[in-house]
Amino acid sequence: MAETGAQQIESVDAVIGLVPPPARDGHTVENTIARIMETPVPVKIALVHPPLSSNHIAAPIADGRWQLIASPLLTQDPSSLAQSLGDSFRATFEIAQKLNSRACAVVASDLSATTVDWVSLLLQPVLEEHFDLVTPCYARHPFEGMINRAIVYPLVRALYGQQIRNPMGPDFGVSSRLLQRFASAPRARLHTLPSLVAEAVTNAMPICQSHLGMRSYALPDVTNLSSLLVQILGPLFLDVERYAAHWQRARGSQPIREFGKPMYVEASETSMDVTRMLDSFQLGTKNLSEVWSIILPPSTLVELRKMARVTGPQFRIPDETWARVVYDFALAHRLRTISREQMLRALTPIYLGWVASYALELEHASAEAAEQRTERLCVVYEETKPYFVSRWRWPDRFNP
Amino acid sequence: MWDQVRQSLDQSTVGVLSRLASLLPGFLALLVAVLFSVLLALLAAAVLRRILRAVRFDERLENWGLTGLAEYSPQHSPALLVTRVVAWSIVLSGVVLGLGAIEATVTSELTMRLFEYLPNVAISILVLIVGMIVARYLARTVLIESVNMNLHYARLLSLGVKWLVMVCTIAMALDHLEIGRGIVILAFGILFGGIVLALALAVGLGLGLGSKEVFRNSLERESSRIPADTEEPIRHI
């Protein structure tokens, strides 16, 4: 289905895409559009949104500065979150290119919290400071975004050498230069969310991050954590393989420019119940050793078995072990020693073990302490990178 | 009279010797065919062994999940198994060829039936290989998903799935080989029917005889193990 409204517009300075979460009420999009359009802006902006509900109370009215474009492709499918988000991003990018815009922002968090400041923090660095990619930085809660905290952020930081807090967004600001780069790449080659950062870094495009504040979003189906890991880590590991020539040269990591003020959220005082996660880890060690032995070297397997024998508050998975596990899974993803989907699902018990270890360590810690803990984890990932490089280059020979 | 006895004996001896003499070229041909096929088999085995080692056949099979084949192979090497199968096939072909030189009628029928049966053997081997791969894949998938659902009988489930698929596969392979067709189909049907009947009886009798509490407690125990969409303080995304 084509977008409605795009044909009448010649060009704009910026395009904003609003991708609502799966479970939203009928008027969220209209209210968000109305809220954003209340503020006068010095540039011409096209607001791309999903089709409005048929029983909306009042349609937002476009004026000279704001143009509205409805696109049915802007949606999030909870059963394939990464895929649907990627499609929504691509649809917005295509409209941005058609309209010759200089910048494009996509907002995929809960639209009820989206303000014009949020959008401005995504667009301003592109329009005024000439950054090519603006990544988001949300208010940091010690126990939110665990997959990003445990795997995505440290891995991307260690491999690409830039301290990008949320490499997979999902809210981004993108320049026309990066849009063109994206458009010229084959569609199947790029998975939009992880590839944005990788493309920008490997092409030496300036990247910054904006502190957007609290991010609210509808919880996806967390009973299927293993499917979530497949959706998030699959494209990430594909990019690791694709950009291997680049990240093998990167050393250490550099901070990137930040806009806005960082925000921290303290964790609640209630005790953390990690029994289920520990059960999962122990069950995995007991039953999945055969599968893990195809992916992990013997020394790591022995360590995991030792850890599984420890129960209670003393349970810990050292960061060095965890970093090596993630690197070994990334390598196994490339080598296809077993089916990629099975391999990523088999990571779930070890991931839950690490989360349990993290939760026990930081049970009553402050948000700043949690940030320092994450920083230590990232440093360990960087220090363990030579191990990954060796295994990547000589997967048969280097097997400790 | 003794002259007639001697004459009969002479005739019978000449007859047997003539018969033997007529068969001798055939036996020599058989010997030559067998020797030649043995030499060819040795050569083919040497070449095939080199090729399979070069392509790391054993390791690739292990990666594809066909470790079961290694357990039944000589020296746990599927490459050696394949080499020996090929070698003995060549020798067998040589023997059949040689037999054809001895008595044309009988051996040609035997040869015809053998070659008609070969496609069935090939299909059965293919069915077994595909079945093993599918069984291994499904077993591993069920194992991983059951562990992720915190089910403590994950390994049992996985083994059950694997053997279900293997039993189906073996039944199909035997059917293709036309070995004990009726018995195999009957046994397979009885086995599956028996399992389904046992399950139905267990559930029906259990509920009927007042074991509702047992079932409810068991379900509650299992559902409490499975991570639910609760307001956990930890969020993964």
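These exercises work through a predicted model with chains A and B.

**Exercise 1. Confidence**

Task: Find the scores of the model, then say which residues of chain B stay under pLDDT 50.

Solution:
- Step 1. Start with the whole model. The scores are ipTM 0.84 and pTM 0.78.
- Step 2. Turn to chain B. Its mean pLDDT is 79. Of its residues, 77% reach 70 or more.
- Step 3. Look for the weak stretch. Residues 225-231 of chain B stay under 50. The model has 14 contacts beyond four places in sequence for this stretch.
- Step 4. Draw the lesson. Predicted coordinates should not be read in detail where pLDDT is low.

**Exercise 2. The interface**

Task: Describe the contact between chain A and chain B by residues and by buried area.

Solution:
- Step 1. Count the residues. Chain A brings 43 and chain B brings 27.
- Step 2. Take the area. About 3000 Å² is buried between chain A and chain B. Carbon and sulfur atoms give 56% of this area.
- Step 3. Pick out the main contributors on chain A. R276(A), L283(A) and Q342(A) supply 22% of the area that chain A buries against chain B. No other three residues supply more.

**Exercise 3. Salt bridges**

Task: How many salt bridges are there over all chains, and how many cross the interface of chain A and chain B?

Solution:
- Step 1. Recall the principle. Side chains of opposite charge can pair when their charged atoms come close.
- Step 2. Take the total. The count over all chains is 20.
- Step 3. Go to the interface of chain A and chain B. Here there are 3 salt bridges.
- Step 4. See a pair between the chains. R345(A) forms a salt bridge with E145(B), with the closest N and O atoms 3.0 Å apart.
- Step 5. See a pair within chain A. E382(A) bridges to R157(A), and their closest N and O atoms are 2.7 Å apart. This pair links distant parts of the chain. E382(A) sits in helix 15 (residues 367-393), R157(A) sits in helix 4, and the two are 225 residues apart.

**Exercise 4. The cavity**

Task: Give the volume of the largest cavity and sort its lining residues into nonpolar, polar and charged.

Solution:
- Step 1. Count. There is 1 cavity of 30 Å³ or more.
- Step 2. Give the volume. The largest cavity has about 80 Å³.
- Step 3. Name the elements. Helix 4 (146-160), helix 6 (192-202) and helix 7 (225-242) of chain A each give two or more residues to the lining. Helix 4 gives the largest share, 4 residues.
- Step 4. Sort the lining. It has 11 nonpolar residues, no polar ones and 1 charged. Among the lining residues are L155(A), M168(A) and D239(A).

Terms used: Residues numbered from 1 in each chain as written. Chains lettered and ligands numbered in written order. Heavy atoms only, no water. 1 Å grid on protein atoms, 1.4 Å probe; cavity = no way out; pocket = protein on both sides within 12 Å on 5 of 7 lines; lining within 4 Å. Points joined across faces, edges and corners; volume = space filled by probe spheres on them. Nonpolar A, V, L, I, M, F, W, Y, C, P; charged D, E, K, R; others polar. pLDDT = per-residue confidence, 0-100. Contact = heavy atoms within 4.5 Å. Buried area = accessible area lost by both parts, 1.4 Å probe. Salt bridge = Lys/Arg side-chain N within 4 Å of Asp/Glu carboxyl O.
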